[in-house]
Amino acid sequence: MTMLFKAMGLVAACSVLVACNGSPEANVPGDTADEGAYSGIPEDAAIRVYGNEPFWGGTVENGTFTYTTPGDQAGRGIAVTRFAGRGGLSFSGELDGQTVDLAVTPGDCSDGMSDRTYPFNATLQIGADQRSGCAALADADLGTP
């Protein structure tokens with residue numbers, strides 16, 4: 001009976017791979033032939049993130065993500081560790097006992113409220129709550145919206 005369950009699991013796993021264009025790399029960001037870590041944002045760069053509905057934002061700099069909301073514009077500092085993957089960066093930490101993960105990936109991003117285009121997408125996960133937004137280097141000149 002155990003072999004039957006293992007076989008059923010293998011069939012299910014293969015079905016998932018076929019649904020993903022038959023390749024496990026189909027859902028992996030970046031150039032699958034490039035094994036190097038993402039280097040599009042220097043380690044010492046400050047990154048500004050922006051999101052709406054609900055509004056949120058912040059800056060990642062020197063190992064700290066300062067998370068802001070309309071109710072807390074000064075923000076809360078969260079110690080984060082940086083990880084450079086193949087398709088972008090992530091920053092991980094903890095806020096009030098909840099895991100915080102901020103992913104920054106290259107690609108044109110619109111905040112949906114202005115004519116401004118940002119060079120990066122941002123995804124913020126705090127516990128079970130996920131938010132989407134945009135990002136840019138803090139010193140980037142994005143022009144006037």
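**View 1. Order of elements in the predicted protein chain.** From the N terminus on, the elements of the protein chain follow the order α-β-β-β-β-β-β-β-β-β, and this secondary structure amounts to one helix and nine strands. The model shown here is predicted. Of the 145 residues in the protein chain, 27% are buried, while the accessible surface comes to about 9,000 Å², with 52% of that area belonging to carbon and sulfur atoms. Among the contacts in the protein chain with a separation of 6 or more, 39% are made by residues 24 or more positions apart.

**View 2. The sheet and its edges.** The nine strands of an open sheet are arranged in the order E4-E3-E2-E1-E9-E8-E7-E6-E5, and their pairing is antiparallel. At the edges stand strand E4 (72-79) and strand E5 (81-84), each of which pairs on one side only. From one strand to the next, the twist averages 25 degrees. Strands of a sheet pair through backbone hydrogen bonds, in either a parallel or an antiparallel manner.

**View 3. Strand E1 beside strand E9.** Strand E1, residues 47-51, and strand E9, residues 129-137, run antiparallel and are joined by five bridges. Within this pair, Arg 48 has Ala 136 of E9 as its bridge partner. In the order of the sheet, E9 is placed between E1 and E8.

**View 4. The hairpin of E6 and E7.** Strand E6, residues 89-95, is joined by seven bridges to strand E7, residues 98-110, and the two run antiparallel. One of the residues to follow in this view is Ser 90, whose bridge partner in E7 is Ala 103. Two residues lie between the strands of this hairpin, where Asp 96 takes a positive phi near 50 degrees.

**View 5. The hairpin of E7 and E8.** On its way through the sheet order, E7 is flanked by E8 and E6, and nine bridges join E7 to strand E8, residues 117-126, in an antiparallel arrangement. The hairpin of E7 and E8 has six residues between the strands, and in it Gly 112 adopts a positive phi near 75 degrees.

**View 6. Ala 103 and its partners in two strands.** Ala 103 of E7 is the bridge partner of Ser 90, and Ala 103 also stands opposite Thr 123 in E8. The view can therefore be read across E6, E7 and E8, since E7 is joined by bridges to E6 and likewise to E8, with pairing counted from at least two bridges between strands. In a regular strand, side chains alternate between the two faces of the sheet.

Definitions and conventions: Residues are numbered from 1 along each chain as its sequence is written. This is a predicted model: local features need pLDDT of at least 70, side-chain atom pairs count only at pLDDT 80 or more; totals for chains, interfaces and linings use all residues. Side-chain values use heavy atoms; hydrogens and water are left out. Helices (H or I, at least four residues) and strands (E, at least two) are DSSP runs, numbered from the N terminus. Buried means under 20% relative accessible area, exposed over 50%, partly exposed in between (1.4 Å probe, protein chains only). Contact means heavy atoms within 4.5 Å. Accessible areas come from the Shrake-Rupley method with a 1.4 Å probe; for residues, only the protein chains shown count as cover. Axes are lines fitted to C-alpha atoms, for helices over the stretch in contact, and angles run from 0 to 180 degrees between N-to-C directions.
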